[in-house]
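I opened the model to look up helix faces, the nonpolar core and the aromatic rings. My notes follow.

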Amino acid sequence: MDGIRWRTRTGAPWRDVPERYGPWERVDDLFRRRQRDGTWARILTRLQAEADAKGLITWDVNVDSTVCRAHQHAAGTAKKGTSKKYRPAGSSSSRPTTALDVPVAD
């Protein structure tokens, strides 16, 4: 149980659980079995009920939309440099033309 508490508190990967808690595979297995049989959900529910009965929990919810952002690929915009709007007339590539690319007249 101490290994599970250590891992949960630190957020470290299971493989980093210190050896003093036993093999990490055993600690992980114990956690997963307790998760599958609903032990952790029952513990959380009971702790919340006790804290709520003592008035230690306020159930106010606040949603701030400034932290809800779509990923850049969700916007549906064209990738930079591929839009026809920004290409120079007559250019077939998105690479800008430089002085070295322009043919010199003899």
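Which residues in helix α1 (residues 2-10) are buried? I find that Gly 3, Ile 4 and Trp 6 are; buried means under 20% relative accessible area, exposed over 50% and partly exposed in between, with a 1.4 Å probe and protein chains only. Helices here are DSSP runs of H or I with at least four residues, numbered from the N terminus.

I note that this is a predicted model, in which local features need pLDDT of at least 70 and side-chain atom pairs count only at pLDDT 80 or more, while totals for chains, interfaces and linings use all residues. Residues are numbered from 1 along each chain as its sequence is written, and side-chain values use heavy atoms, with hydrogens and water left out.

Entry on α1. I checked the arc of its buried residues, taken from the directions from the helix axis to the C-beta atoms. They cover only 160° around the axis, which puts them on the same side of α1. On the face turned away from that side I find the exposed residues Arg 5, Thr 8 and Arg 9. The buried residues pack against α2 (24-36) and α3, where contact means heavy atoms within 4.5 Å. After α1 comes Gly 11, with a positive phi near 75°.

Entry on the core. I looked up the largest nonpolar core, a set of buried Ala, Val, Leu, Ile, Met, Phe, Trp, Tyr and Cys residues joined through side-chain atoms within 4.5 Å. It has 8 residues: Ile 4, Trp 6, Ala 12, Trp 14, Val 17, Val 27, Leu 30 and Phe 31. The elements giving two or more residues to this core are α1 and α2, and α2 gives the most, with 3 residues.

Entry on rings. I count 2 aromatic pairs; rings of Phe, Tyr and Trp (its six-membered ring) pair if their centres lie within 6.5 Å, with planes under 30 degrees apart stacked, over 60 edge-to-face and the rest tilted. Trp 14 and Phe 31 form a tilted pair, 5.3 Å centre to centre with 45° between the planes. Trp 14 lies in the loop between α1 and α2 and Phe 31 in helix α2, so the pair ties together parts 17 residues apart in sequence. Trp 14, Phe 31 and Trp 40 form one aromatic cluster.

Entry on α3. I find Thr 39 in this helix (residues 39-53). Thr 39 is buried, at a relative accessible area of 17%.
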